[in-house]
Amino acid sequence: MSELHCEKYNILPSEGNRSRKKVKTPSKRENAKRNRYSAKLLLTFPKCGHVGKPYQPFQCISLLTMRDIKFFYDSFYKTSETITQDNFVLKHCSVTDPKRSRTREQEKNKPKSMSVKYYVKRRDGVMVHVCRQSFMNILGVKKDRILNVVKRYKESNEMPWR
Ligand SMILES: [Zn+2]
């Protein structure tokens, strides 16, 4: 700090007054800023090491950049509405029956099995096939929530909340 600068402010009553300023109640805007920031702490690049074809079905780290992940994350958190978020999850999943039972009777008795593929949409619109772990990590949602949404979708065979 230059002498000139000190002079300019030497009319301030005391050092104590200045430090009191720092602990003032944060404004609404500042709070929002903080919340947004802490939400972003969840944003992580996949650590699974899936490099994609021809070695692995998942392309978590080969076809995604941090900006794509942020874009996907921001699209998901554009709303805090659970239904809209659930729909978002569904739009980025593909659900298939791995194998069908031979008879209707068997199908009824067997617990429903399904195979779910997860996709992350890049900024350029390309859907990248990722593993479930990456999908969950990027969006910061729990496995149970995803599976519940998918199960509900599977049972009704439609997206009722579109
Ligand atoms: Zn992966």
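Author: Two strands are taken to pair if DSSP finds at least two bridges between them, and the model discussed here is a predicted one.

Reader: Which residue stands opposite Lys-121 in E3?
Author: Strand E2 covers residues 115–121 and is joined to E3 by four bridges, with the two strands running antiparallel. Within this pairing, Val-120 faces Val-128 in E3. For Lys-121, the residue standing opposite in E3 is Met-127.

Reader: What is the order of the three strands in the open sheet?
Author: Four bridges join E1 to E2, and these strands run antiparallel; one of the opposed residue pairs here is Val-95 with Val-116 in E2. Four bridges likewise join E2 to E3, again in antiparallel fashion. The open sheet therefore has E1 (93–96) and E3 (127–130) at its edges, each with a single partner strand and one side left without a neighbour in the sheet. With antiparallel pairing, the order of the strands is E1-E2-E3.

Reader: By what angle are neighbouring strands of this sheet turned against each other on average, direction ignored?
Author: The sheet in question is the open one of three strands, paired antiparallel. When direction is ignored, its neighbouring strands are turned against each other by an average of 30°.

Reader: Which residue takes a positive phi in the hairpin of E2 and E3?
Author: The hairpin has five residues between its strands, and the strands that it connects, E2 and E3, run antiparallel. A positive phi near 90° is found in this hairpin at Gly-125.

Reader: At about what angle to E2 does helix H7 run?
Author: Helix H7 comprises residues 132–139 and lies across both E2 and E3. Its buried residues are Ser-134, Phe-135, Asn-137, Ile-138 and Leu-139, and what covers them includes H4, E2 and E3. Relative to E2, the helix runs at about 45°.

Reader: Which element gives the most residues to the largest nonpolar core?
Author: This core has twelve residues, among them Phe-58, Leu-64, Phe-72, Tyr-118 and Val-120. Helix H4 (66–76), E2, E3 and H7 each supply at least two of its residues. The most, three residues, come from H7.

Reader: Which residues of E3 does Val-120 contact, leaving aside its neighbours within four places in sequence?
Author: Val-120 belongs to the largest nonpolar core, and its contacts beyond four places in sequence include Leu-64, Phe-72, Phe-135 and Ile-138. Asp-68 and His-92 are also in contact with Val-120. Strand E3 spans 127–130, and from that stretch the contacts of Val-120 are Val-128 and Val-130.

Reader: Is Met-136 buried, partly exposed or exposed?
Author: Met-136 is found in helix H7 and, beyond four places in sequence, touches Val-141, Lys-142, Lys-143 and Ile-146. A residue counts as buried with 20 or more other C-beta atoms within 10 Å of its own and as exposed with 12 or fewer. Because Met-136 has 16 other C-beta atoms within 10 Å, this residue is partly exposed.

Reader: What percentage of the contacts with a separation of 6 or more is between residues 24 or more positions apart?
Author: The protein has eight helices and three strands, and of its 162 residues 15% count as buried. Among contacts with a separation of 6 or more, the part due to residues 24 or more positions apart is 57%.

Methods:
Residues are numbered from 1 along each chain as its sequence is written. This is a predicted model: local features need pLDDT of at least 70, side-chain atom pairs count only at pLDDT 80 or more; totals for chains, interfaces and linings use all residues. Axes are lines fitted to C-alpha atoms, for helices over the stretch in contact, and angles run from 0 to 180 degrees between N-to-C directions. Two residues are in contact if their C-beta atoms, placed from the backbone, lie within 7 Å. A nonpolar core is a set of buried Ala, Val, Leu, Ile, Met, Phe, Trp, Tyr and Cys residues joined through C-beta atoms within 7 Å.
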